[in-house]
Amino acid sequence: LGQNMDELLFPKETRRRAQDNRERYEHSQEEGSMIGRRLEATALRKNGELFDVETAMQAIPLEGKTVFAIFLQDITARKRAQEELAAKNKDLEMLLYVTSHDLREPLRSIESFARLVNDRYADKIDDKGKDFLRRITEGTKRLDRLIEDVLMLSRAQRTLEPIAGLSSADLVAEVLKQLEGKIEATKARIDVKDNLPTLNADRRWVRQAVYNLVANALKFTKPN
């Protein structure tokens with residue numbers, strides 16, 4: 001009691017900023033609670049140790065002035081857990097990258113040799129043998145796609161912030177352009193609705209979702 005709040009709670013580097021924030025709020029004559037506006041900051045313990053806090057502020061009119069009630073929550077443990085999780089995710093991403101690279105090389109060799117055997121010795125292999133080789137080739141392709149999917153998930157931690165006003169119509173047009181060859185080969189007709197919505201999302205992931213939907217529709221369809 002009776003102590004300056006800024007000197008008591010905040011280190012020298014951030015005291016001025018905390019005071020400026022309160023003064024801006026007081027002069028703006030804004031009404032209502034600021035509790036919903038939670039901010040992370042660095043606070044000062046009694047022993048001089050710095051620690052991470054989440055702050056919320058409530059303005060209280062008092063005798064023609066505005067005083068403030070500050071609510072602090074120690075989030076040191078949460079921040080430490082977030083840092084440890086980020087480090088583990090980075091290690092996992094590197095492991096997945098190295099592992100996928102090492103796995104893909106023998107996969108390509110298996111596929112290449114299966115094709116060579118089928119091409120060079122086609123006249124010496126019966127239909128059953130050709131079917132075996134075809135299954136080997138298709139299996140390596142499926143495994144390669146699975147490895148790529150795992151890699152994509154491992155990059156999710158580095159995803160960009162959502163982009164405001166992302167046009168889903170433009171994304172659909174872009175995907176259809178990329179799949180133009182498959183669309184022609186399957187003689188598919190794709191109807192796109194008008195007035196598609198705008199999205200607040202990462203363009204990369206939305207585009208991948210649309211691509212997967214259309215590509216699967218083209219793949220898993222009846223002939224003719």
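**Backbone, helices, core and salt bridges of the predicted model**

K187 counts as exposed, because its relative accessibility is 73%, and this residue lies in the loop between helix 6 (180-186) and strand 5 (198-201). The structure described here is a predicted model. Although K187 is not a glycine, its phi is positive, at about 55°. Most residues other than glycine have a negative phi. N195 is placed in the loop between helix 6 and strand 5 as well, and its phi, near 55°, is again a positive value in a residue other than glycine. With a relative accessibility of 79%, N195 also counts as exposed, because the cut-off for that class is over 50%.

As to the overall fold, the protein has seven helices and five strands, which follow one another along the sequence in the pattern α-α-β-β-β-α-α-β-α-α-β-α. Of its 224 residues, 23% count as buried, and the accessible surface comes to about 17300 Å², with 54% of that area belonging to carbon and sulfur atoms. Among contacts between residues at least 6 apart in sequence, 57% join residues that are at least 24 apart.

Helix 3 comprises 45 residues and reaches 66 Å from its first C-alpha to its last, a span close to the 66 Å expected at 1.5 Å a residue. The buried residues of this helix are E93, S100, R104, L107, E111 and A114, a list in which charged side chains, including E93 and R104, stand beside nonpolar ones such as L107. In an α-helix there are 3.6 residues a turn, so residues three or four places apart point the same way.

The largest nonpolar core has 13 residues, and those with the most contacts inside it are L179, V206, V210 and V214. Helix 5 (168-178) and helix 7 (203-219) each supply at least two residues of this core, and the largest share, five residues, comes from helix 7. V206, one of the residues with the most contacts inside the core, touches L166, L171, L199 and A201 when residues up to four places away in sequence are not counted.

The structure holds 12 salt bridges. One of them joins R78 to E40, with the closest N and O atoms 3.4 Å apart, and this pair links distant parts of the chain, since R78 belongs to helix 3 (residues 76-120) and E40 to strand 1 (residues 34-44), 38 residues apart. R78 counts as partly exposed because its relative accessibility is 35%, and E40 likewise counts as partly exposed, at 47% relative accessibility. Both residues take part in a wider arrangement, in which E40, E54, R78 and K79 are linked in a network of salt bridges.

A further salt bridge is formed where the side chains of D74 and R45 meet, with an N to O distance of 3.1 Å. This pair, too, links distant parts of the chain: D74 lies in strand 3 (residues 65-74), whereas R45 lies in the loop between strand 1 and strand 2, and the two are 29 residues apart. D74 has a relative accessible area of 40% and is therefore partly exposed, and R45, with a relative accessible area of 30%, is partly exposed as well.

The salt bridge between the side chains of E138 and R134 (3.0 Å, N to O) is found within a single helix, for both residues lie in helix 4 (residues 127-154), where they are four residues apart, or about one turn of the helix. E138 is partly exposed, with a relative accessible area of 34%, and R134 counts as partly exposed at 40% relative accessibility.

On the surface, I60, L62 and V67 form a nonpolar patch, and together these residues have about 220 Å² of accessible area. L62 has its place in strand 2 (residues 50-62), and, because its relative accessible area is 45%, this residue is partly exposed.

Conventions: Residues are numbered from 1 along each chain as its sequence is written. This is a predicted model: local features need pLDDT of at least 70, side-chain atom pairs count only at pLDDT 80 or more; totals for chains, interfaces and linings use all residues. Side-chain values use heavy atoms; hydrogens and water are left out. Patches are made of residues with over 30% relative accessible area and no salt bridge: like charges are joined within 9 Å, nonpolar side chains (Val, Leu, Ile, Met, Phe, Trp, Tyr) within 5 Å. Accessible areas come from the Shrake-Rupley method with a 1.4 Å probe; for residues, only the protein chains shown count as cover. A salt bridge is a side-chain nitrogen of Lys or Arg within 4 Å of a carboxyl oxygen of Asp or Glu. Buried means under 20% relative accessible area, exposed over 50%, partly exposed in between (1.4 Å probe, protein chains only). A nonpolar core is a set of buried Ala, Val, Leu, Ile, Met, Phe, Trp, Tyr and Cys residues joined through side-chain atoms within 4.5 Å. Contact means heavy atoms within 4.5 Å. The expected span of a helix is 1.5 Å times one less than its number of residues.
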